[in-house]
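Me: I've got a two-chain model open and lots of jargon to untangle. Can you show me how each label gets earned?

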Amino acid sequence: MSRTTLEFAVGRNPEMGPDGLPARSPLAPFDLPEPDFGTEHMLINIGPQHPATHGVLRLVCELDGETVKSVMPDIGYLHSSFEKLGEYRTWNQIVTLTDRMDYLAPLIYNCAYVMSVEKLMGIEVTERCTVVRVILMELDRIFSHLLWLGTTAIDVGAFTPFLYAFQERERIYRLHESLTGARITTSATRIGGMMADLPEGWIEGLEDFLDTFPNTLAEIDSLLTTNQIHIGRTQGVGAISAADAINYGFTGANLRAAGVDYDVRKDRPYYDYETYEFAVPVGEHGDCYDRYLCRMEEMRQTVSILRQAIARLPDGPINVEDPNISLPSKTDCMSDMESMIHHFKLIMEGIPAPEGDCYMAVEGSKGELGMYVVAEEGGTKPVRWRIRPPSFVNLSVIPKLAEGHLVSDLIMINASLDIVLGEIDR
Amino acid sequence: MTERAQGGLERPPAGGQAGAAGVPAAGAFDAVDYGPVPSEPAPPPRGAFLGQPSDHPSVQALVAGFGDAVVGHRVSAGDQHVVWIDPAKNLEILGWLRDDPEHRYDMMSDVTGVDYGGGRPVEVVYQMFSTVHKRALRVRCRLSLEALEIASVVSLWQCANWLEREVYDLFGVTFTGHPDLRRILMPYDYEEGHPLRKDFPLRGRFSRAEQTRRALNQRVERFYRPQDLAHEGMLPQEVAAVGPGTRGKGQGGER
């Protein structure tokens with residue numbers, strides 16, 4: 001396994017503790033303790049409708065002057081009860097619910113869900129399907145990181161990276177659209193395969209994107225990585241130690257920025273990820289700046305994974321050849337009575353599952369995305385469908401991260417966690 | 001249930017006339033509209049999936065070290081080991097799994113609940129992973145509906161804080177020793193119960209009209225909970241009360 005520790009020729013802020021311990025904010029100008037004026041703390045309310053909360057999130061902050069004493073996140077404004085709805089839907093019908101949760105990386109959710117159901121049922125998908133899903137998941141990792149990059153840059157006052165990032169995202173939107181017909185609500189996967197094979201020319205479109213995307217990324221990199229304003233706003237802000245990061249449940253780039261070498265693709269490999277050559281970026285300070293570096297490097301590694309996947313994409317069927325799982329072709333349905341009946345029964349009854357439960361974790365764009373399904377013998381609907389939401393757990397750390405920082409740092413910390421409220425509230 | 005549905009994984013070979021025979025099962029069309037149907041008791045696990053505790057070092061050690069407190073074990077989905085433990089000893093066993101150098105399950109990936117319905121016990125599920133030994137283990141506790149109570153593991157893993165709050169909110173399981181056991185996804189004063197329980201109807205217990213009426217009669221200040229921030233020197237801030245006269249207009253039929 002190849003791992004890289006990130007080192008950039010950027011001086012650390014001298015106020016930053018050596019082992020990543022939370023230090024005073026670089027924007028707090030004086031080392032002297034503030035005199036006690038006997039003032040009261042103030043309770044202010046950020047959100048739920050506020051652009052800097054990146055969704056419908058409400059943060060109730062207790063402030064002493066401009067210093068955050070404590071933060072109480074209040075969530076649930078987007079609660080749609082997807083898990084309850086899933087109990088009333090057949091296995092394949094649930095796919096449409098999954099992309100509505102993390103609308104910033106819908107394909108990762110589509111794939112993670114069907115992977116867990118397939119593992120429960122013991123279905124081996126075809127080799128082509130495996131590689132196609134790897135391509136889609138990695139593509140959406142870039143898709144999600146680009147949105148995080150753009151919006152986070154805006155939060156520290158840099159507007160240009162937002163425009164660059166969204167221009168690149170638009171190209172991924174077009175790839176989504178040509179593959180599935182939808183830009184966000186993709187619903188591209190089915191149990192045992194995909195909704196459809198890759199359309200003609202799609203791989204060429206993806207290659208075209210991969211050819212120019214690294215240039216844009218390098219451009220954004222040159223705007224932010226050594227930018228003094230960006231460094232001042234991110235270094236030493238919201239730092240967490242490695243042991244705390246594990247204990248508080250951080251996963252994904254947030255955890256790796258704290259120096260913990262944990263990537264689901266390497267540590268619990270699925271879909272032959274162990275055969276792809278890529279490095280896992282690991283930070284050391286656990287602050288907002290290291291989270292930024294980790295995600296930037298992850299995008300570069302993802303480009304490399306995508307190239308490898310394209311090179312090994314095999315021909316062959318995309319769906320498993322099992323009439324109890326895969327639908328017959330549309331041509332057969334329209335010309336053959338048995339296929340029509342077969343299609344009808346599969347749609348109306350669904351696929352029976354064996355009794356048991358299955359937890360399948362994938363490396364989502366926000367962290368470890370787990371799908372836990374529980375089925376009863378022959379059940380065509382889940383008894384329980386649970387999403388282990390990475391941003392939900394990541395957000396729960398914010399009271400610890402923000403304590404003692406300024407309100408403006410709270411905005412930066414919140415942005416650096418890369419949350420998506422659709423998934424937190426589900 | 002049709003014959004095919006009972007067949008489970010034993011599917012006919014590819015290319016057969018599968019699906020052409022059989023009668024649609026009762027309830028096959030109830031994708032959304034039907035309420036929850038209490039399911040029949042689950043049959044015993046299929047032999048093919050029963051594994052040996054010796055396949056997983058932690059399971060082996062648990063059986064050897066805790067004896068009767070380990071009440072069950074199976075291998076699910078091919079290679080995933082599940083252990084059922086006595087809920088009264090969850091803190092002791094999970095703490096041992098976290099701290100023992102041979103096991104070191106330092107990452108609590110997930111805490112969640114499962115309700116099978118039909119009066120069967122609600123289960124609390126812990127998904128654990130060891131970043132040291134790269135091993136996963138799933139621990140489950142059965143809680144009878146009369147005593148939905150279990151010790152909180154927040155003292156061991158801070159990440160369990162919100163996860164347990166969510167299980168409390170959606171399943172009604174009380175976690176003793178939890179520092180801040182409040183609802184999290186549903187409103188603080190939600191009165192209809194615990195939505196992920198099987199006896200909870202999909203559209204909620206109250207009618208649409210009743211839900212609207214209650215929503216319009218809410219007082220805004222109840223969403224500010226200064227008592228949660230009970231620090232010294234901080235005065236709770238009173239939000240200007242919005243009179244019921246302005247909020248309750250919907251009752252008159254304007255909407």
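**How the labels are earned**

Reply: Let's start at the end of a helix: α2(B) is followed by G67(B), which has a positive phi, near 55°. Residues are numbered from 1 along each chain as its sequence is written, while chains are lettered from A and ligands numbered from 1 in the order in which they are written. Keep in mind that this is a predicted model, where local features need pLDDT of at least 70, side-chain atom pairs count only at pLDDT 80 or more, and totals for chains, interfaces and linings use all residues.

Me: What makes something a helix or a strand here?

Reply: Both are DSSP runs, numbered from the N terminus: H or I over at least four residues for a helix, E over at least two for a strand. Chain B has six helices and seven strands by that rule. From the N terminus on, they go α-α-β-β-α-β-β-β-β-α-β-α-α.

Me: Why is L147(A) put in its burial class?

Reply: Count the neighbours. Buried means 20 or more other C-beta atoms within 10 Å of the residue's own, exposed means 12 or fewer, and partly exposed is in between, with C-beta atoms placed from the backbone. L147(A) has 21 such neighbours inside 10 Å, so it counts as buried. You'll find L147(A) in helix α4 (residues 127-155) of chain A.

Me: Which residues does L147(A) touch, leaving out those up to four places away in sequence?

Reply: L104(A), A165(A) and R169(A). Touching means a contact, with the two C-beta atoms, again placed from the backbone, within 7 Å. As for F162(A), it is 15 residues from L147(A) in sequence and 7.9 Å away in space, C-alpha to C-alpha.

Me: Back to α2(B). Which of its residues are buried?

Reply: In α2 (residues 57-66) of chain B, S58(B), V59(B) and L62(B) are buried. Seen down the helix axis, the buried residues of α2(B) fall within an arc of 100°, so they line one face. That arc is taken from the directions running from the helix axis to the C-beta atoms. An α-helix has 3.6 residues a turn, so residues three or four places apart point the same way. Among the elements covering the buried residues of α2(B) are β1, β2, α3 (90-99) and β5 of chain B.

Me: How do you know that β1(B) and β2(B) pair?

Reply: Two strands pair if DSSP finds at least two bridges between them. Strand β1 (residues 70-76) and strand β2 (residues 80-85) of chain B are joined by six bridges and run antiparallel, so they qualify. One of the partnerships is G72(B) with W84(B) in β2(B). The two strands form a hairpin with three residues between them, and A77(B) in the turn has a positive phi of about 50°.

Me: And what makes the pairing of the whole sheet "mixed"?

Reply: Strands of a sheet pair through backbone hydrogen bonds, either parallel or antiparallel. This open sheet has five strands in the order β1-β2-β5-β4-β3 (chain B), with mixed pairing. β1(B) and β3 (107-115) of chain B stand at the edges with a single partner strand each, so one side of each lacks a neighbour in the sheet. While β1(B) and β2(B) run antiparallel, β2(B) is joined to β5 (residues 135-143) of chain B by four bridges and runs parallel to it. In that second pair, V83(B) has V139(B) as its bridge partner.

Me: Last one: how are α5(A) and α6(A) oriented?

Reply: Angles run from 0 to 180 degrees between N-to-C directions, with axes fitted to C-alpha atoms, for helices over the stretch in contact. Under 35 degrees counts as roughly parallel, over 145 as roughly antiparallel, 65 to 115 as roughly perpendicular and the rest as oblique. Helix α5 (residues 160-180) and helix α6 (residues 202-224) of chain A pack at about 165°, with axes 10 Å apart. That makes α5(A) roughly antiparallel to α6(A). The contact includes Y164(A) and L175(A) of α5(A), and F209(A) and F213(A) of α6(A).
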